[in-house]
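Colleague: Please take me closely through one part of this model, a helix packing, and then out to the chain contact. Keep it brisk.

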Amino acid sequence: MSAAVTRRPPAVALIATVLVVLWVVLAAFPFVWTVWGSFKVQGDFFSKADWTYALTGVRTMAETGSPFTGAGYEGAWVEREFWRAAVNTMIVVVFTVIISLTFGTLGGYALARSGYRYAFWLLMIALVFRAMPHITLVSGYLLPFFEWNLWGHLPTAIIVLVAINQPFTLWMLHSFFLNIPKDLDESAMVDGCTRFQAFRHVIVPVMWPGVITTGLFSFLLAYNDFAVTATLLSQQNQTMVPKIASFLGSTQVEGNVMFAVAAVVSATVPLFILILFFQRQIVSGLTAGAVKG
Amino acid sequence: MQFWKTTAAASALALLSGTTAMAACGIGAGNVTILGNDFPALQAVVAGAKACEGDGLTVEANLTTEHDKLQVAALTADPAQYSVKFVATSSIVPLLQNDLIRPLDELVAQYGQGLNPSQLIKIDGKVMAVAFMSNAQHLYYRSDILAQAGVEAPATYEDVLAAAQAIKDAGIMEHPVALNTMTGWNLAEEFVNMHLGMGGSFFEPGTAQPAINNETGVKTLEMLKALVGYSNPDYLTFDSNATQALWEAGELAMATMWGSRAGGILDGEGSTDAVVSATMLAGAPTVGGGATPATTLWWDGFVIAKNVSDEDAAASFQAMMAALSPENIAANNDAAVWLAPGYTPGPAAAGVIASARGGAQPYPMAPSMGLMHTALGNNISEYLQGSESAEQALADAEAAYVAAAKEAGFLN
Amino acid sequence: MPHRTFFWFILPSLVAMALFIAFPLVSVVAQSLFVEHEQVLIESEVCDPFTGCRKELTVDAVATAQLREAQPLGRFNGLGTYTDLNHLAFAEVAEAWRTSEGLVDFGGQLMNLPFYKALAFTLTYTFVVTPLVIVLGLAIALGVNGLPKLFKGPTIFVSLLPMIVTPLIGSLILFWMIDARGIIGSSLQELTGDPNLSLKASPALTWLTLIVYGVWHSAPFGFIVFYAGLQTVPSETLEAAIVDGASRWERIRYVVIPHMAPLVVFVTLIQLMDNFRVFEPIVGFSAAANATSLSYFIYADLTDINARFGSAAATSVLTVIGVAILLAPVLVRTWRDFNRKRA
C-alpha cells in the first residue's frame, strides 16, 4: 500500500492510537497481573482482605521473608513434575498439528477444486460436526476405548483431537485453496502431471502461509484442550491443562492454586516464542488464504 | 461412636504386629491398577501400595479429577481397566447399581484382620467397600469475635442467627456468616444437611418418590435464607475455596465448612496468627429442635472391580492393606481424618469427630439421591434470591427430579 | 476434479470424521430416543462406619441386569426425553399458556423452565457478543494497521493473549479480580461510588460480566482475521478512490468493507456457533445461579456422579439443531455463492 493511501488526518490517527493503546492495556493487564502475582503467595495474589496485597506482597513477606517467591514454580515443576505434562503436551500438540494439516490440506484442496454439489454438502456436514459439543463425543468414546484397550494412550488422544478439529481445518484450508488460481495446477496437469503430482509440485510450495495460519488454530485447540485430554489420557500421559486442573483442588480438598498460576504462566512461554517466530507467516497466511464465507 | 473409641487400642496392637506386616508385603504376582481422585491423602495411599512393587507385582495408579466420569466405563470393560477404585459415599452408588464391584468378605477374612470392623461398608450383609477416611461439614467459629459481641459458642443454627445479629449490632462485621452456598452441588449439600437435621427425609418410604415439598422442606429453606441473610451478597458463588479464603482473611465469625479444610485453615499459611489462634472447630449445630447435628458424614474408601481375575483382586486387596497399614497411616496422620487403625486424631479432626459423636447421619446412599441432589442444587437459589416462594422452589426441584428419575428408570 | 481423485484426496479426513464424529453422532441420536431400564429397587441393610446398620433402598443389580440384557438399548421413549421438563417442556409450556394472564406472566412462567431460561441467556449472549466481536475486531485491526511497523509485532502478540491463556485459569484469575475485594471490583466501587456493588450477586451484572468476558476473549479472533484481510485490500482501487476525491470514510465504506465482507461472514459463522455453545465462563465465574446454557446442561448431566447420557444426548441434538437454525441465513448465502461459481 502506498503512503498516500495509509496517511491519515491527525484526529483519526489520534483516535486510532488511543483505541489501540486502550485495547493493549485491556488485553495485557490480566496477564501481566498474573505474571507478577505468580511470584507471590496465595494469601497475596488471591487476597480477600485487600487487593493491594498482591502489589505489596504483605503475606509473601510474612511467610517467606522476601517480597517475591518462586515457590509456585518450584512446586509445580519440581514437586509435582509439571515437566512430564509439558513433554506430553509437546508430543500431543506436534502430532495433532502435523496430522491435522496433512489430512486437512489434502481434503481442503479436493473440496476447493471439485465443482460437484457433494463438495458443498460435505462442507455443510462438517459444520454440523463442528457444532457437536466435544464433551458429548468424548463420553461416547469411553466404553469402546476401554473395551478395546485404546484408552489412556497418547496416539488415541491425538487422533481424536485431529478428528474433532478436522471440520474447522477443512473449512479454513478449502477457502485458502480457493484463492490459489486454478490455472497453476491445471497447467501442470496439461503438462502431464497427475493430480497428486500437480498438488505436490505446484500447490505445496505456495500453500505455506495458509497452512501455518490454520496450524496456529489447530495448535491452540490441542494446547488448550481439556475435555479430550482430561478424559482420554491416563496419569502417566497427562497433558498440561488437566495437570493444572489437578492443582486446583476440589470441594473437599484444598489445592495449590499458586502451582496452577505458576504453571499457567510457564505454559504461555512456548506460545510467546511460537507467535513471535511465526508472526509474519500468520498474518501473511491469512492474507493469502483469507477465508471467504 | 464406634470407630475412634477403638482406634487407640487397635493402633497399639497394630504397631506391635506392624513390623511383620511390612516385611510380609511380599504379595506375590499380580497387577494392581488404581483409579481415584488426585489429592494428598490418596497420593499417600498409592505411595504405600507402590512400596510393595516387585516380585511380579505391579502397581499403577491414575489419580485424576475426572475419576468419577471414568469409573463406570472403566470397570464395565472386561477385563476392567482398574482393579481398585477409590470411592466416596455417593460415588459408590453407580458402581453398585451397575454391579461392577465384587463382595470382599473372603478377602477381608483372609487378609483384612487388622481392619476396624466399622470400616467395612456392608450392603445386605456383604462387604462391598472398605472405608478409610471420613469427612463432614461442621462449624468453625472465631472465639475472639464471639467474646467481643458477648455471645456464647453456638450449639444450634438458631444460636448462629442470634450470634450473627449480635455481631452485626455491635458493628463488628456486616457479613459474619458463610456456608458453602454456590449454586449447584454445594448449595444442595447445605440443603441436605439442614433437611436431615430438621428430621426430614427425601423420599416416600420404600420408594423413589420425592418427599421434600412439605413443611420440613419449607422450614429448611427458610433457615438457609435466614443464614445467607448474614452472608456476603456474593454467597451464591461460595465454594470451599471462597469460604476458606474469607475465613483466612478474617472476614468471617462463623462458617460451616468441610472438616478436610481444617488442616489448611489451622496452618499459618494464608492467614494471620490472630485469626488462626481464635479459630475454633465444633461439631455441626443442630437445627429446629432436632437432636442430631445438621450435617452429613462422608466416608472415602476403596472397592475392587468385579471384572478382574481373582489373583489380581487378591493382590489389589493386599496392596491396599499394606498401604493402609498403621505405620503408613501414622506417617500421614494429618493428611485426613482416617478411619483405619494407626490414626491419632489431631486438632484439625475435632469438628468431624464432634459431629460424628453427636450422632450426625451419613449421607444417604439411596440410588436416586444423586438426582435429587442435582435437582435441589439447580432450583433453590431462586428462592434465596427472593424471586420465588419456598413452595415453588421445592415444587420445581421435585418436578426436575421426577423428570430425571424417569429418564434413569427410578420412576415410571 | 474426477470423483475418484476427489475420493482419494478427501479419504483421510473423511475416515477420521466418520469414526470419531459421525458414528458417535448416530449413537447420540439413538441414545436420546431411549431411557434407562426400570431400576428394580429393594430394601437392603446398609452398614457404614458412622451409625451402624440401617435399612436403605438399593438397586437390585442382578434383576436390573436381566432387564438390561433383554433390551440392551433401554426402553424406547421416542421424543419423550426431548419434550420433558428438563428439555423442551411441552406440557409445562402448554400449561403456562393456558393459565397465564397475559404475555408478561407467560414469559415469567417460561423463564421458570430450565431450558427456556438457558435459551434466554444463550441467545442474548450470542447476539450481543457476536456483533461486538466483529466491530471491536475490525476497529482494532484498523488501528493496528495504522501503527508504525516497529510496534505492529508486539501489539499483535499482546492482542492474542486473551485467546491463548487457558480459560480454566484465565477465568479463575479474572473471577478473583472482579470480586468486591479484588482490583477490578473495588475500582468499580470507587468509580460508581457504591460500596456494595458486587458483580457476582445480581443476575443483570452477572450477564454483563459474562458478556464483557466473552467479547474480551473472542475479540482477538476477529482481530487477527480482519487484520490479515486488511493487508489484501487492493491499493489500486484505494488510490483510484482518492483521485476521485473520496473521503476517508467513503473509502472505508465503499472499498474496505466490501473487500472484507467474506471475512465478516466467516467470523460471524464461527462466532455464532461458539457463542451459542457458551460454557466455560459460566463454570469459571460460578454464574450458574443467574446464567446457564445448553452446553452447561450437557456438562452438568455428564459430570454428575450418575451421568445422565440420554438427557445429555437430547440436549446435544438440540444444540446442533439450534446452531443449524442460527447459521441457516449464512449457509443459504454460501449455497448461492457456490452455485454462482459453478455456473
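Modeller: In chain B, helix 9 and helix 18 make a right-handed crossing (the near helix is turned clockwise from the far one by less than a right angle; anticlockwise would be left-handed). This is a predicted model, where local features need pLDDT of at least 70 and side-chain atom pairs 80 or more, while totals for chains, interfaces and linings use all residues. Residues are numbered from 1 along each chain as written, with chains lettered from A and ligands numbered from 1 in written order.

Helix 9 of chain B covers residues 215-228 and helix 18 of chain B residues 390-408; their axes come within 10 Å and cross at roughly 115 degrees (lines fitted to C-alpha atoms over the stretch in contact, angles from 0 to 180 degrees between N-to-C directions; helices are DSSP runs of H or I, at least four residues, numbered from the N terminus). So helix 9 of chain B is roughly perpendicular to helix 18 of chain B (65 to 115 degrees).

Who touches whom? Helix 9 of chain B brings B:Gly217, B:Val218, B:Leu221 and B:Glu222; helix 18 of chain B brings B:Ala390, B:Glu391, B:Ala393 and B:Leu394 (contact: C-beta atoms, placed from the backbone, within 7 Å). Five of these residues are nonpolar, one is polar and two are charged (Ala, Val, Leu, Ile, Met, Phe, Trp, Tyr, Cys and Pro are nonpolar; Asp, Glu, Lys and Arg charged; the others, Gly among them, polar).

Now outward. 34 residues of chain B contact 25 residues of chain A. Helix 10 of chain B gives the most to the chain B side, six residues. That side divides into 11 nonpolar, 15 polar and eight charged residues.

Definitions and conventions:
Helix = DSSP H or I, 4+ residues; strand = E, 2+ residues; numbered from the N terminus. Parallel < 35°, antiparallel > 145°, perpendicular 65-115°, else oblique. Contact = placed C-beta atoms within 7 Å.
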